[in-house]
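Hi,

Here's the structure I promised to pass on to you. Have a look at it first, and then read my notes below.

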Amino acid sequence: MDDTSGILDEALERLHSTGPERAGWLSNHAPMAVEALVRHGQSATVHGWLDSYGSKLEDRPRRLSPITEATWQQALGDPRHLTDWADYFARQLAERPWCEVLAVWWPRLLPGILASATHGVIRVGHAVRTLLDAEQTARAAYTPHAAPGTATGSAPVPTVPPASPAPSGPRLTELAEALGYWAARHQPLPGAVDVGGAATPAAALAALPRLADQGGGIRDRLARVPTVPGWQLAAGALHVPDDPDLAYEQLSGLVRAGTHRYATHGHGDPIMLVHAATAPNAVLRTLPALPRALWAPSLRAVWPPVAVLMMIYGPASPLPVPRLSGDRPAEGRLAGDRATERRPTPMVRQAASMTPDEVFTLAAAHGDEHVIKFADTAVDVAAAAPDGDARALAAALHAQSMIDAPRRPATLRGG
């Protein structure tokens with residue numbers, strides 16, 4: 001990330017005076033969206049985007065009681081402690097290196113990865129990415145140099161780099177906020193799942209059953225998951241290698257498969273099904289900061305929530321797989337209250353002729369936070385493929401076609 005402007009830190013400072021939720025329990029997506037905007041060269045849009053989105057945000061919740069080492073288990077999953085949890089992690093991160101705190105708390109939080117429709121882990125993934133970037137930049141800035149008086153052309157004399165202080169400032173605060181949000185909304189699956197199958201990510205996704213009664217919000221649907229025949233078997237079908245490198249590769253495959261599947265199944269719920277790709281990608285982004293022994297357990301933990309999201313929001317019928325050529329886009333019927341409306345999916349030929357930067361620029365111009373975050377993941381998928389990934393970019397364009405752009409104040413529209 002090239003953020004010499006300091007815009008990301010400014011944006012995070014603005015946001016840390018607001019709460020992690022709004023309107024009762026909806027997530028504050030701004031910290032995640034602005035990180036993606038800055039990462040992909042859209043720093044100039046950040047403050048204008050915040051001016052528009054910020055009108056939705058609310059003050060931080062009141063503190064209830066401090067969380068301690070003796071009380072954290074009782075407070076886990078209790079949203080009354082939203083601010084208390086952020087305070088707790090701020091203290092932890094002030095006392096110990098952030099990677100150590102993350103390594104302790106990651107396995108404690110993984111069983112509740114469904115927290116707030118996976119937004120807890122997603123926010124952590126964005127926060128960790130900025131901290132890893134900062135450390136990489138600091139390492140790159142240190143260059144061994146020749147000792148005074150060394151003849152020109154002599155081998156450089158390595159010097160010990162100055163001790164780097166522990167990260168501080170808005171990016172470390174953001175990790176505290178993100179971990180606190182996940183802890184306060186910690187939510188296990190509605191039943192035990194034993195993940196130990198043999199399926200590839202694409203095959204595991206294709207074999208998922210569907211919740212027949214998809215009325216209500218996510219909490220209503222989750223309560224009905226146990227009524228889905230074979231749901232636990234399907235949610236355990238993914239193969240999880242024990243080897244950390246193979247687990248990393250398998251998780252990368254899950255992110256790719258989830259992104260591709262959005263192009264054919266995203267119309268089941270264009271917003272909620274974004275998270276079937278962005279949640280595992282958040283875990284993937286975090287793995288480099290974790291001990292390798294946690295890589296396979298992380299894959300094992302994130303797959304069942306992805307599977308459940310697909311079960312409870314997946315459409316009755318998929319759209320055709322987008323063509324990679326041809327002049328006319330495929331059409332598909334949208335679900336829900338737009339059941340009679342038909343919209344064209346984006347032409348994959350268009351995606352194939354676009355760069356990832358161009359696709360993300362369109363997402364930034366669209367302005368919806370889910371569109372921005374999904375494009376961020378699609379660009380990651382394309383970057384990981386040797387020859388790019390037009391299908392992933394087409395899925396990002398598909399999200400733009402199905403999710404309404406936010407209404408912006410007249411001042412931001414130029415009116």
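Let's start with a single residue: in which loop does Lys 56 lie? Lys 56 lies in the loop that runs between α3 (43–53) and α4 (72–75). Before going on, keep in mind that this is a predicted model.

Lys 56 has a relative accessibility of 33%, so it counts as partly exposed. If you set aside its neighbours within four places in sequence, Lys 56 is in contact with Arg 22 and Glu 369. Also, 35 residues separate Lys 56 from Glu 21 in sequence, while their C-alpha atoms are 9.7 Å apart in space.

Now for the chain overall. You'll find 19 helices and four strands in it. Of its 415 residues, 51% are buried. Looking at contacts with a separation of 6 or more, 77% are between residues 24 or more positions apart.

Next, two helices to look at together: α1 (residues 7–15) and α2 (residues 30–39). Their axes come within 10 Å and cross at roughly 170°. Angles over 145 degrees count as roughly antiparallel, so that is the label for α1 and α2. On the α1 side, the contact is made by Ile 7, Leu 8, Ala 11, Leu 12 and Leu 15. On the α2 side, Ala 30, Pro 31, Val 34, Glu 35 and Val 38 take part. Sorted by type, the residues of this contact are nine nonpolar, no polar and one charged.

Then there's Thr 377, which is found in helix α17 (residues 369–384). Is Thr 377 buried or exposed? Its relative accessible area is 1%, so it's buried. The Thr 377 side chain makes a polar contact with the side chain of Asn 281, at 3.1 Å. Leaving aside neighbours within four places in sequence, the residues in contact with Thr 377 are Val 255, Thr 259, Ala 277, Thr 278, Asn 281 and Arg 285.

Last stop: helix α18 (residues 390–402). At 1.5 Å a residue, its 13 residues should span 18 Å, and the end C-alpha atoms are indeed 18 Å apart, so the two agree. At the N-terminal end, Asp 389 acts as a cap for α18, with a side-chain oxygen 3.2 Å from the backbone nitrogen of Arg 391. The helix is mostly covered, as 10 of its 13 residues are buried. Among them are Leu 393, Leu 397, His 398, Gln 400 and Met 402.

Happy browsing!

Conventions. Residues are numbered from 1 along each chain as its sequence is written. This is a predicted model: local features need pLDDT of at least 70, side-chain atom pairs count only at pLDDT 80 or more; totals for chains, interfaces and linings use all residues. Side-chain values use heavy atoms; hydrogens and water are left out. Buried means under 20% relative accessible area, exposed over 50%, partly exposed in between (1.4 Å probe, protein chains only). A polar contact is a pair of N or O atoms within 3.5 Å; within protein, one must be able to donate a hydrogen and the other to accept it, and residues adjacent in sequence count only if both atoms are side-chain atoms. Contact means heavy atoms within 4.5 Å. The expected span of a helix is 1.5 Å times one less than its number of residues. Axes are lines fitted to C-alpha atoms, for helices over the stretch in contact, and angles run from 0 to 180 degrees between N-to-C directions. Angles under 35 degrees count as roughly parallel, over 145 as roughly antiparallel, 65 to 115 as roughly perpendicular and the rest as oblique. Ala, Val, Leu, Ile, Met, Phe, Trp, Tyr, Cys and Pro count as nonpolar, Asp, Glu, Lys and Arg as charged, and the others, Gly among them, as polar.
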